[in-house]
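Let's take a walk through this one together. Keep the viewer open and follow along as we go.

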Amino acid sequence: MASKRTSICFVIYLVFLLASESLVYQANAAGECGRTPIKSAAISLSPCLGAAGNARVKVPPTCCAKVGALIKSDPRCLCAVLLSPLAKKAGIKPAVAIGIPKRCNIRNRPVGKKCGPYVVP
């Protein structure tokens with residue numbers, strides 16, 4: 001009876017160790033923006049806030065520079081930021097924001113790529 005209880009405790013302990021190992025590994029894993037949290041990437045794009053909410057607003061040069069750098073380093077990150085809950089809270093309209101690279105005349109933008117339900121123009 002004692003050996004059965006010890007075996008069960010050992011199995012539970014082993015499962016716990018494996019589960020905690022995978023959680024730690026996931027927490028350190030890279031996401032859409034590499035090791036940069038989406039919140040930090042979104043904050044770096046703050047000069048784009050007005051242009052991302054209204055297609056009639058002129059895109060500031062600082063926004064174009066930030067978007068161009070982000071597209072060059074990791075275009076998936078831009079999509080992740082635009083579709084994030086943080087962007088929605090900030091008033092960003094993904095359908096408008098997805099057009100910022102074109103409005104900035106960024107040549108190496110991922111034309112035709114899907115970003116959620118939107119396609120990069």
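**A walk from a buried loop residue to the core**

At 16% relative accessibility, D74 falls under the 20% cut-off, so it counts as buried. Keep in mind that this is a predicted model. D74 sits in the loop between α4 and α5. What does D74 touch, once neighbours within four places in sequence are left aside? The partners are E32, C33 and G34.

Now step back for the overall layout. The protein has eight helices and two strands, and reading along the sequence gives the pattern α-α-α-α-α-α-α-α-β-β. Of its 121 residues, 29% count as buried. About 8,500 Å² is exposed, and carbon and sulfur atoms supply 63% of that. As for how the chain contacts itself, take the contacts with a separation of 6 or more: 57% of them join residues 24 or more positions apart.

Back to the two helices on either side of D74, α4 and α5. Their axes come within 5 Å and cross at roughly 120°. That angle makes α4 oblique to α5, because it lies outside the 65 to 115 degrees that count as roughly perpendicular and is not over 145. On the α4 side the contact is made by V67, L70, I71 and S73, while α5 brings P75, C77 and L78. Sorted by type, the residues of this contact are six nonpolar, one polar and no charged.

Helix α5 deserves a closer look. How many of its eight residues are buried? Six are, so the helix is mostly covered. The buried ones are C77, L78, C79, A80, V81 and L82. What covers them includes α2, α4, α6 (85-89), α7, α8 (100-103) and β1 (114-115).

That brings us to the largest nonpolar core, which has 27 residues. Those with the most contacts inside it are L45, V59, V67, L78, V81 and I100. The elements that give two or more residues to this core are α2 (38-44), α3 (49-53), α4 (61-73) and α5 (75-82). Select V67 and you can trace a good part of the story from one side chain's surroundings: not counting residues up to four places away in sequence, V67 touches L45, C48, L78, I100, P101 and I106. Of these, L45, L78 and I100 are also on the list of residues with the most contacts inside the core.

Next, go to helix α7 (residues 94-97), where you'll find V96. V96 has 18% relative accessibility, and since buried means under 20%, it counts as buried. Which residues does V96 contact, leaving aside neighbours within four places in sequence? They are A51, A52, G53, N54, A55 and R103. N54 is 42 residues away from V96 along the chain, yet their C-alpha atoms are separated by 6.6 Å.

Finally, a backbone detail for anyone who likes to check torsions. Most residues other than glycine have a negative phi. N105 has a phi near 60°, a positive value in a residue other than glycine. You'll find N105 in the loop between α8 and β1. Is N105 buried or exposed? At 62% relative accessibility, N105 is over the 50% cut-off, so it counts as exposed.

Note on methods
Residues are numbered from 1 along each chain as its sequence is written. This is a predicted model: local features need pLDDT of at least 70, side-chain atom pairs count only at pLDDT 80 or more; totals for chains, interfaces and linings use all residues. Side-chain values use heavy atoms; hydrogens and water are left out. A nonpolar core is a set of buried Ala, Val, Leu, Ile, Met, Phe, Trp, Tyr and Cys residues joined through side-chain atoms within 4.5 Å. Buried means under 20% relative accessible area, exposed over 50%, partly exposed in between (1.4 Å probe, protein chains only). Helices (H or I, at least four residues) and strands (E, at least two) are DSSP runs, numbered from the N terminus. Contact means heavy atoms within 4.5 Å. Axes are lines fitted to C-alpha atoms, for helices over the stretch in contact, and angles run from 0 to 180 degrees between N-to-C directions. Angles under 35 degrees count as roughly parallel, over 145 as roughly antiparallel, 65 to 115 as roughly perpendicular and the rest as oblique. Ala, Val, Leu, Ile, Met, Phe, Trp, Tyr, Cys and Pro count as nonpolar, Asp, Glu, Lys and Arg as charged, and the others, Gly among them, as polar. Accessible areas come from the Shrake-Rupley method with a 1.4 Å probe; for residues, only the protein chains shown count as cover.
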